[in-house]
Structure formats: C-alpha cells, structure tokens
Amino acid sequence: MYYDQVRNAYIDAESGEVVLQEEGGIELSDIYYSENDRITETKAERAPVIPMATIARPSNLYSPLSKKRGIAPSPEENHANLEQELYDLHASGVDTVDATAVNVHHGMWDDWSMARALQALEFEIPNEMFEEDDEDADFRAKEVYASKSCKRQMLTLSTFIVVVQIALLVAMIQVDGYDKGNSVIGPPVYSMVRFGAKEAGLIVYKNEWWRLLSSIMLHGGILHIIPNGAIQLRVGGYLNMIYGTPKWLFIYLISGIFGEMMSCIFLPGTVGVGSSGAVLGMLASWVVWIIFRWKKIPHACKSQRNCQLFIVVASVVVTLATSFQPNVDWAAHIGGAIQGVLWGIVLLSSELDHERNQLWLRIAAGSVACALIGYSLYYIAVPLHPTKENFDYFDQNDDWGR
C-alpha cells in the first residue's frame, strides 16, 4: 500500500481538528482506499472497503516527532496514534508537520493498520461505498445460509408436514389395506374419502368444507407421496428458510386449497388427494422470488441464478404440461400454480427496492388472488351441482359412522 500523498498538516487552534495545508496537499475527503491497495485522490477510483476499527503504526515508520528530534523512533512512538502525534507537536509549539514520512510500501501494513491510520486522520468513507458489501451480506443471510445446511432444512415446518402426510398414508393402509387396483400402491378410494379427501358432493351437500384443507395432507399411495415428499423436504425446507415460516406456510396452504377448489369446479365427479397443488404453488412463488432478487445476487453467482431460474421455470412448465394424464388432477396443479405466483408477488415484494412498486404490486396481485378465491367459493356453493351417485358407496364402506 502507498500513502504518500499527504504533505503538510497542522492543528486548527480554534476547532482543534487536524487539517491539511491547502498548498501542496490534498483534501482528506478526496482520498479513498481503492481495490489496487493504493490511496488515491480521485473519487472515481474509490472502491468499496470494509471499515476497520483499530490498528498500530508499523515498526519501520519514523514518526514526525521522532524525525524532528533526529532520533530513531521508540516502540511506543511506532505504535502511537497519528492524530495524537499531531496534537503533541501542536502542544510543543510546532504548528506545521512535514508528513512526507508517511510513506508505507506495499506489504508493510495489513488491512487493520491501514484502517487505523485512516481513522486517525479522520477520513470520512461514504455510505454508498458499502452498498455492495451490504447486498452480499443480505445474500449470505438468506440464500447461502438456507442452502448450506441440510440439517436446518430438515428442522423446518415443511419437514413436519411431510412427516404428517406419511403418517396419514400409513394409517389409511393400516386401517383399510391396499387396493389392488390402485396404480400408485395405496389404499382404496373410500378410505381416502373418510380420511378427508376432496369430494365435491360432500363439500356442497353436507357442508364439509374442511375437505379443501384435509385433502392436501393425504396421498393416493406410496408412488404418489415419494415425489411430493422429496420436493417438500429439499425445496420446501429451503424456501421455508428464505421466506420465513409464516409466508411459506400461507403460500403453501392457499395454493393447495385453491387447487382443490379448482378441482371441485372442473373435476367435480372425482375424488382428489395430494399436495401437488401446494407444491406447484411453492415452486411458482420461487420464480417470483428469483425475479424480485435479481439485482441482489452477487456478480459471481449470477450464472447460478440464471441456471436456477431456468430449472425452476422448466420444472413448473413440465409438471403442468404432464398434468393431463389419467388419474392426475390437472385443475389442482394449475390452480395451485396461479395462487403461488399471485401470493408470491404479494408477500415477497418486500425484496424490491422501491416501496411504491411494492405497494402497487401487492394491491394488484392481492386483488386478483382474492377475486379468484371469492368467485370460486361462490361457484362451488351456488351454481355447482355435483353428483350424489357416490354417496351410497361411501356410506356402505364408512364403518366409522356406525
């Protein structure tokens, strides 16, 4: 490092501050510590630095006071505060100091030493110089922190939900056994219904609206819960950490519930179970998160960010495109993805820099999301007339009611 720009300094008699002579010197506010380890006097060359607190003078540096005396510096003087030396000189009657001795060659001072010197000479480092470091800290506190520890992800609410879903599947199989006709290796349909599956007739005619929530916790079989559970354990745990539990849980549940509502409207004659709608909503909100934090990702990680966005978008698109196969609830998938995007915008817009943009996006997305939910509830309760032909079948196999 080089610090040879300062020429003459003196103590102002009235203010007691250290100042530089105008002639032959430079203003302290124009001196910055740049990336190439030089002190420069051009503002355009300044670069972000990490502020340090304390430091000592290097042992090879002659202090101005020692040079005046014509003797080698003592260890105490070598570690003296620069500002204190100037005050000492002023007290001894010397008003002007030749500071050309402050010439430190590369490698003689470490970062702590330079920071102390800057502090002693009362350098003011602008706040904007730390913006990049602050953004990196935000990135480390969220994305990096959440992705580094698998143990932390396993301790999130997302993991607990998966455990409950597995327990319910085991309970259904334990109570009613396997259905040989179940292609995903699971219990019979009537078992799912009495455990809380979505069945539009029961919701409308018997007011069992709780099925819109309980059906999210059920799965049709082992091959059904494996992919959903795996995504919730890995991706769900990660998003749970970076969103925060309240936001993550709301997006997960509202996406799953609205997905079941769409299933009631478009597939009223089918029995529906599974957290696929909730998972699609979770993934769709992840796309929103990546976009909202687009400029907050460090430059070194931007290629990973781009790759991440591509993979997440591709996963959502491929899942939706393959949702029209037999025995797949495409309406729940699409409904969950829609609500995931909308509520992702509402709850994650705080990642944007401009408060006005945050407000308008929340109003717009929130209005659309609430309108869709409100109209869907109305449609299910009033115009929708699902079949009752399965009621006898369910009643005959529901030995819990007898």
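Is Ile185 buried, exposed or partly exposed? I began with this residue in the predicted model, and I noted that Ile185 counts as partly exposed, because its relative accessibility is 40%, which lies between the 20% and 50% cut-offs. I placed Ile185 in the loop between α7 (157-176) and α8 (189-195), and I wrote down that its phi is positive, about 60°, although Ile185 is not a glycine.

**Entry: another positive phi**

I then turned to Asn327, which is not a glycine either and has a positive phi of about 65°. Asn327 is found in the loop between α14 (302-321) and α15. With a relative accessible area of 79%, Asn327 is exposed.

**Entry: confidence**

Before going on, I looked up how confident the predictor was, and I found that the chain averages a pLDDT of 77, with 65% of the residues scoring at least 70. Over residues 1-7 the pLDDT is below 50, and this stretch has 37 contacts in the model beyond near neighbours in sequence. Residues 95-110 also have a pLDDT below 50, and for that stretch the model shows 50 contacts beyond near neighbours in sequence. I reminded myself that predicted coordinates should not be read in detail where pLDDT is low.

**Entry: cysteines**

How many disulfides does a search of the whole structure find? The search finds zero. I looked at two cysteines all the same: Cys264 is buried, with a relative accessible area of 0%, and Cys301 counts as buried at 18% relative accessibility.

**Entry: aromatic rings**

I recorded that the structure holds eight aromatic pairs. One of them is formed by Tyr238 and Trp286, a tilted pair with 5.8 Å from centre to centre and 55° between the planes. Tyr238 lies in helix α11 (residues 222-243) and Trp286 in helix α13 (residues 276-292), so this pair ties together parts that are 48 residues apart in sequence. Both Tyr238 and Trp286 are buried.

I went on to Tyr375 and Tyr378, which form a tilted pair with 6.1 Å between the centres and 45° between the planes. Both of these tyrosines lie in helix α16 (residues 355-381), three residues apart, which is about one turn of the helix. Tyr375 is exposed, with a relative accessible area of 52%, whereas Tyr378 counts as partly exposed at 44% relative accessibility.

I also found that Phe266, Phe324 and Trp330 form one aromatic cluster.

**Entry: charges over rings**

Which ring does the charged end of Arg305 sit over? I found that it sits over the ring of Trp294, 3.6 Å from the ring's centre. In another place, the charged end of Lys388 sits over the ring of Tyr205, 4.4 Å from the centre of that ring.

**Entry: helices α15 and α16**

I followed helix α15 (residues 330-348), which has 19 residues and reaches 26 Å from its first C-alpha to its last, close to the 27 Å expected at 1.5 Å a residue. This helix is mostly covered, for 14 of its 19 residues are buried.

Helix α16 has 27 residues, and I noted that it reaches 38 Å from its first C-alpha to its last, close to the 39 Å expected at 1.5 Å a residue. The buried residues of α16 are Gln358, Ala365, Gly366, Ala369, Ile373, Ser376 and Ile380. What covers these buried residues includes α9 (200-205), α12 (245-266) and α15.

**Entry: His224 and Gly274**

I looked up His224 in helix α11, and I found it buried, with a relative accessible area of 19%, which is under the 20% cut-off. Leaving aside residues up to four places away in sequence, His224 touches Val184, His219, Val273, Gly274 and Ser276.

Where does Gly274 lie? It lies in the loop between β7 (271-272) and α13, and it is buried, with a relative accessible area of 4%. Not counting residues up to four places away in sequence, Gly274 touches Ser215, Ile216, Leu218, His219, His224 and Glu260. I noted last that the C-alpha atoms of Gly274 and Ala197 are separated by 8.7 Å, while these residues are 77 residues apart along the chain.

Definitions and conventions:
Residues numbered from 1 in each chain as written. Predicted model: local features only at pLDDT ≥ 70, side-chain atom pairs only at ≥ 80, totals over all residues. Heavy atoms only, no water. Disulfide = S-S within 2.5 Å. Buried < 20%, exposed > 50% of the residue type's maximum accessible area, 1.4 Å probe, protein only. Phe/Tyr/Trp six-rings, centres within 6.5 Å; stacked < 30°, edge-to-face > 60°. Helix = DSSP H or I, 4+ residues; strand = E, 2+ residues; numbered from the N terminus. Lys NZ or Arg CZ within 6 Å of the ring centre and 35° of its normal. pLDDT = per-residue confidence, 0-100. Contact = heavy atoms within 4.5 Å. Expected span 1.5 Å × (residues − 1).
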